[in-house]
Amino acid sequence: MKKSGNDAPHPGPLPARGQRAPDRAGEGPRPLCALTDIPQLGARVIERPQHPDGNVAVFRTAADGVFAILDRCPHKGGPLSQGIVFGDRVACPLHNWSIELATGEAVAPDVGCTRRFPAEVVHGVVYVDLG
Ligand code: FES
């Protein structure tokens, strides 16, 4: 059967708005939600209550860039998902460190890094690889 030019896997059912996104580490990129389910300059949290590293925050920039990093600031663990997104960075809500969303690195003069996860948007669906 000839492909239609769309090589992306079918996303399957997406979690409903307000519903917890399941932790599917080790399964490769998985559909999280529609891009429009994440507010511009906002974030959505993948809750991982059993994981020692905690939750993952998925951010959407003003330019519709999507980035996934641990929801834990490299300074003292602040919840980055509650920070302010500007450009491709987020300002931690606790002490205002700036974190590069693409790398998880703190912006100088601060030093530190939080883990990043591959994230992409395919046909309006956000995929995140927690592996
Ligand atoms: S915990 Fe994020 S800047 Fe201090």
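In what sense do strand 1 and strand 10 pair, and over how many bridges? In this predicted model, the two strands run antiparallel to each other and are joined over four bridges. One of the residue pairs is Ala34 with its bridge partner in strand 10, Val125. This pairing is a convenient place from which to enter the fold.

The chain contains 10 strands and zero helices, so that, read from the N terminus, its elements run β-β-β-β-β-β-β-β-β-β. Of its 131 residues, 31% count as buried. Among the contacts between residues at least 6 apart in sequence, 42% join residues that are at least 24 apart.

Strand 1 and strand 10 belong to an open sheet of three strands, ordered 1-10-9 and paired in the antiparallel sense. Its edges are formed by strand 1, residues 30-34, and by strand 9, each of which pairs on one side only. From one strand to the next, the twist of this sheet averages 30°. As a general matter, the strands of a sheet pair through backbone hydrogen bonds, in either a parallel or an antiparallel arrangement.

On the other side of strand 10 (residues 125-128) lies the pairing with strand 9 (residues 119-122), which is likewise described as antiparallel and extends over four bridges. Within it, Ala119 stands opposite Val128 of strand 10. The two strands form a hairpin with two residues between them, and His123, in the loop that connects strand 9 to strand 10, has a positive phi of about 50° although it is not a glycine. Is His123 buried or exposed? His123 is exposed, because the number of other C-beta atoms within 10 Å is 10.

A second residue with this backbone feature is Asp64, which lies in the loop between strand 3 (56-60) and strand 4 and has a positive phi of about 65° without being a glycine. Asp64 is also exposed, since 11 other C-beta atoms lie within 10 Å. A further backbone detail is found at the peptide bond joining Ala108 and Pro109, which is cis, with omega at about 15°; Pro109 is placed in the loop between strand 7 (98-100) and strand 8 (116-117). These details merit a reader's attention because most residues other than glycine have a negative phi and most peptide bonds are trans.

A separate set of three strands forms an open sheet in the order 5-6-7, again with antiparallel pairing. Here the edge strands are strand 5 (84-86) and strand 7, each pairing on one side only, and neighbouring strands are turned against each other by 30° on average, direction ignored. Strand 6 (residues 89-91) pairs with strand 7 in the antiparallel sense over three bridges, and the bridge partner of Arg89 in strand 7 is Glu100.

From the sheets we turn to the interior. The largest nonpolar core has 27 residues, and those with the most contacts inside it are Val58, Phe59, Ile99, Val126 and Val128. At least two residues of this core come from each of strand 1, strand 2 (42-46), strand 3, strand 4 and strand 10. In soluble globular proteins, nonpolar side chains tend to be buried together. Val128, which stands opposite Ala119 in the hairpin, illustrates how such a residue is surrounded: leaving aside neighbours within four places in sequence, Val128 is in contact with Pro29, Arg30, Leu32, Ile46, Val58, Ala68, Phe117 and Ala119.

Leu70 offers another view of the packing, this time from strand 4 (residues 66-70). Why does Leu70 count as buried? Leu70 is buried because 22 other C-beta atoms lie within 10 Å, where 20 or more are needed. Leaving aside neighbours within four places in sequence, the contacts of Leu70 are Asp53, Gly54, Val56, Thr114 and Arg115. Leu70 and Asn55 are 15 residues apart in sequence, while their C-alpha atoms are 6.1 Å apart in space.

Technical notes
Residues numbered from 1 in each chain as written. Predicted model: local features only at pLDDT ≥ 70, side-chain atom pairs only at ≥ 80, totals over all residues. Buried ≥ 20, exposed ≤ 12 C-beta atoms within 10 Å, placed from the backbone. Contact = placed C-beta atoms within 7 Å. Pairing = 2+ DSSP bridges. Axes fitted to C-alpha atoms, helices over the stretch in contact; angles between N-to-C directions. Core = buried A, V, L, I, M, F, W, Y, C linked by C-beta atoms within 7 Å.
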